[in-house]
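Work through the following exercises with the sequence and the coordinates at hand. Each task is followed by a stepwise solution.

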Amino acid sequence: MSDNTFKKFSNFYVQAVQVFEKNREDYSVSIQPIVNVLIDFNNLLCRDYKNLKWVEEFFKDYFDDVQKCFINMHFLLCDDKRDIEIRLLAGQSIIKLLKEIPIDVMRRMVLPIVPGLLNNFSEAAIGKGTNTNGDIVINCLTLIENVVMITYNDWIEKRGSQFDIILKKIVSNLTTHKKHEVRLKILTMLQKFSEEFKTKFPPINNITTEVSINIYNDENDTIKKEVNRIITKNMELNRSSFIRHLTKELNTSLDKLSLSSASLTTKSQLDISRELIRIHNLIVILGPTYLSTILSFSTKLTDNIVSILHVNIDKVTIVTENENDVYENSQEFFNSIEFRNNVRNDLLLNICDVLVRSGNVNDLFNGVLDIVNVSNVDGKISYFILCLGLLLKLEPNNSGQYNSSLLLLLDISIENLKKYENFFEIKEQDKEISNDIFETSKESFLVSLLLIIGSETISRIHSKLEHVDLINSFYYTLLTYSFSNNTSIRQVAGLSINILTGPDFYRAIPSLVFLCNCNLKDYTKCSRASNVLSGLIYYFKDKKDCCINLYEETKYIVEDILLTLDHGNQTRIFNLLKTLFSFVNASVSWFGEIKSTYNYEKDDEEILPEVVILIHKILTRTKHLILSDFLPIQVIVFDIMRDGLYFCRNFRSRTLPIIYGNWQSIRFKITRLQSEYMEALKNPIIFLVAAKAISVISYMTELSNTFMYQKVNEIITSITYAMKETAKKSSKADPVYCYSQMFEFQKSVFISIPIFVKYFKLSHTEEMSKKFIEICEMYINDKFQPKLLIDKAINGLKLFDNN
C-alpha cells in the first residue's frame, strides 16, 4: 500500500471512529451505516494482520483509535436501547479482534480497561435475568472469557475478589436461563477458567461445582452429560471431602429455604424456587445410600420442604363441572396442585423418591405424622401433601415392612376426615338445601387430599384381612363424602373409589350395607348412612366382576326407607330420596328392560316382577313430595319419577295412574315460570325444577301418546313465555352461563321438542307447532345465543320441515 493510500485509509478510519463516538448515544441518529463501515475495517485488519506489513504498522500508529473503536463497540453491545441486530454485529466484531489479532497486541489494548469491560459485559448479560436475549448473553460471555484468558496473569492474584463477585452474579442470574446454549456456555467457560488458572484463583473450582449442582438436572442432554462428568471427577478425586462439601451446601440451602418461606415478596418466591431446585439436585447427587445414614438430616429436610408447601387455593379448581368426571389417577391429582413460591410438583416428587429409596420410610412417616395433629389447616395440608408424595413413590409393600406407618397414616386420615363430615353435609335451610358448591376452600382441599391418601394407603397395605375394621371404617367415610355437597370432593371421592375397586372392597359391601341399615334408624346418623348407601349403589351398580348382588343386599333397606320417608326434617328426607333415586337408577343397569307377559284375553290379573312392584311402590310413595316447599326435594322427586317411569314403561297399568294423578302438580311447575317469573330470577332452582318437570313430561308423552297432547297444550304458552324471557339472559352470556339452572331449563325444552313432534305427529298448521317453531326461530336468529341451544333449535326446526 502506498503512503498516500495508507494515509487516506488511516484518516478515514479515524474520522469514522470519531463519528461513531459522537453519535453512539444519540438515539435520534441512525448509526447503522458507520457501524457497518467500522466492522468492515475491523474485518480487514483481522484478515490481513499476519499477511500485510502495513496492518501491523497501522496498529502501532493508530493504536489509540483502534482501542477507542473497541471501547465504543463494547458500549454499543451493552446498550439495551439499541436494536438487537446492531448490538450483535458490534459484539461479533470485537470478538473477532480478540481472537484473530495477536494476544500481546490485544492484551495491551484491553488490560487498562479490564475491570470496566468485565463489569459492563456481565451487567449486559444479566440484564433482564433469564429473559435477556440469549444471543446477547452468549456474546457477552464469550467476550468475558476472551478478555480474562488474555489478561488474567496480570491481575487475577491482585483483583481476584472482584472477579469472584462478577462470576457469582453471572452464575446466580443465568444458570436458569431459558436457552440451553447460555447454560452450556457458562459451564464451558468456567471449566476453561478452572483448567487454566485454578492454582492462581482457587474459588473457581467451587464456582464450577456450584454451577454443576444448579444445572445437574438440566433438560439438555449435552449439559447433563457434561455436568455428570464434572461431578464424577470430583467424587473420584476426593470422595469424602466432596461429600462433606455437598452436605454443607445442602444444609445451607435448607436454611435459606426456611428464611425465604417467611417472606411473601416476588423475589423470595423466586429464591424459594431456585433453592428447591438446588436442594433437589444435591439430594439426587448424594443419593439414597448416603441420606440413609443421617436421619436427623432427613427430618430437617422434610420440615423445611413442608414449610414452603403453600397451596394456592384460589387457583385450585374442580376438573370439570360435570360431577361424573374424575381425575385419571392420584398422580394427576398431585400434578394439579398449584403451589405458591413457584414450587414445581415434579421436583417435590423426585425429592420424595430419593427419600423413600433412602430406606427411612417408617421414620419419615412417623416424624411427619407426629406433627400433623398439632398443626392448623395449612400445616395439615402441607404435611399431607408430603405424605402423598412419599406414597406415590413408595416401593411395593410385599412383606408388610411399611404396614405400621401406613396403618398410622390411615388412622390419622380417617380421624381428620370425620372432623369435616358435618361441614360438607347437605344442611336444612329456610327455603332450599345447598347441593352444589363449586368453590374450593382450604377445608375441602384437605378433605380431597385425605381421601386420595386413604385410598393410596389401603392399596399398599399388606394382609388387609388383618386390618379389616380400620379399612372398612375408611370405606364408610369415603362413601359418606361420595355424595357430599361439594362437587370437587365428590369428584376426588370418585377417583378414590376407582383406586380401591376390587375384590377387597367387594368383600366389604355386605358389612357396609349392614352398617347403613343400622345407622339409617338412628336420627343423628341417618344422613351419612344414606350417602354411603347411595355411593355403594351408584359406583358399584355396573361392576361385572363384583360377585355381590346389590339389589338383594339393598331391597329390604329400600322398603324400610319407604315406611319412614315422611318422618324427620327436610335434610333427612332429601338424603333418603337420594338413596331411592340411586336404587331406581341402578335398577335399569341391574335388570335392563323388563317386558310384561300379561295377556288381556287369557290372564285374569297381571303378575308383576318383584322389582317392578318395588319401583312402583317408590313412585307411589314419593309422588306427593312434588308439593314440598323445598325445591331440591322437588328436583330429586322428578328424577325418581323420570327413571321410575322409564323402568316400568312396559307396565302401562302401573305407569298411567302415576301420570294422570300427578299432572296438576307437574303443570304448576311449568306455569309458575310465567306467573312468578321474577321470583324464579331470585331463586333460579325454580328453573331447574321446571327443567326436570319437562323431562318427565317427555317420558309421559312416550308412554301415553294422545293424553299428553291436550296437557302440553295447557302449558305451551307458559313454555313460550319462559323461553322468550330466558333468551334475553342467555344472549351474549359468558360460558359459565352454560352451567346455570336457567340454561338447563332451555336445554330441556329443546330436547323435548323432537319427542313432541314424533308422538303428537305435529304439522306446521297446528297451534302448538307454531309456538315451537317460534321458539326455535327466535334462538336461531340470535347469533349470540349459546351454540348448543342454537344447534338444538336448528334440529327442532328441521323436524317440522320434514313433517
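The exercises below proceed from the whole chain to single residues.

The model is predicted: local features need pLDDT of at least 70, side-chain atom pairs count only at pLDDT 80 or more, and totals for chains, interfaces and linings use all residues. Residues are numbered from 1 along each chain as its sequence is written, and side-chain values use heavy atoms, with hydrogens and water left out.

**Exercise 1. Overall form**

Task: Compare the radius of gyration of the chain with that of a compact globule of 803 residues.

Solution. Step 1: the radius is taken over C-alpha atoms, and the globule rule is 2.2 Å times the number of residues to the power 0.38. Step 2: this rule puts a compact globule of 803 residues near 28 Å, but the chain has 38 Å. Step 3: along the principal axes, the C-alpha atoms fill a box of roughly 130 × 70 × 45 Å. Step 4: the chain has 36 helices and 0 strands, where helices (H or I, at least four residues) and strands (E, at least two) are DSSP runs numbered from the N terminus.

**Exercise 2. Domains and core**

Task: State where the largest nonpolar core lies with respect to the two domains.

Solution. Step 1: an automatic or database assignment divides the chain into domain 1 (3-219) and domain 2 (593-801). Step 2: the C-alpha centres of these domains lie 79 Å apart. Step 3: a nonpolar core is a set of buried Ala, Val, Leu, Ile, Met, Phe, Trp, Tyr and Cys residues joined through side-chain atoms within 4.5 Å; buried means under 20% relative accessible area, exposed over 50%, partly exposed in between (1.4 Å probe, protein chains only). Step 4: the largest core has 272 residues, of which Phe-163, Phe-384, Ile-385, Leu-577 and Phe-745 touch the most other members. Step 5: helix α32 (residues 685-704) gives the most to this core, with 13 residues. Step 6: both domains give residues to the core, so it lies between them.

**Exercise 3. Helix α20**

Task: Check the length of helix α20 (residues 403-419) and identify the helices against which its buried residues pack.

Solution. Step 1: the expected span is 1.5 Å times one less than the number of residues. Step 2: the 17 residues of α20 should therefore span 24 Å, and the end C-alpha atoms are 25 Å apart, which agrees. Step 3: the buried residues of α20 include Leu-406, Leu-410 and Leu-417. Step 4: the buried residues of α20 pack (contact: heavy atoms within 4.5 Å) against α18 (361-372), α19 (377-392), α21 (442-460) and α22 (468-481).

**Exercise 4. Thr-209**

Task: Is Thr-209 buried or exposed?

Solution. Step 1: Thr-209 is in helix α11 (residues 203-214). Step 2: Thr-209 counts as buried because its relative accessibility is 6%.
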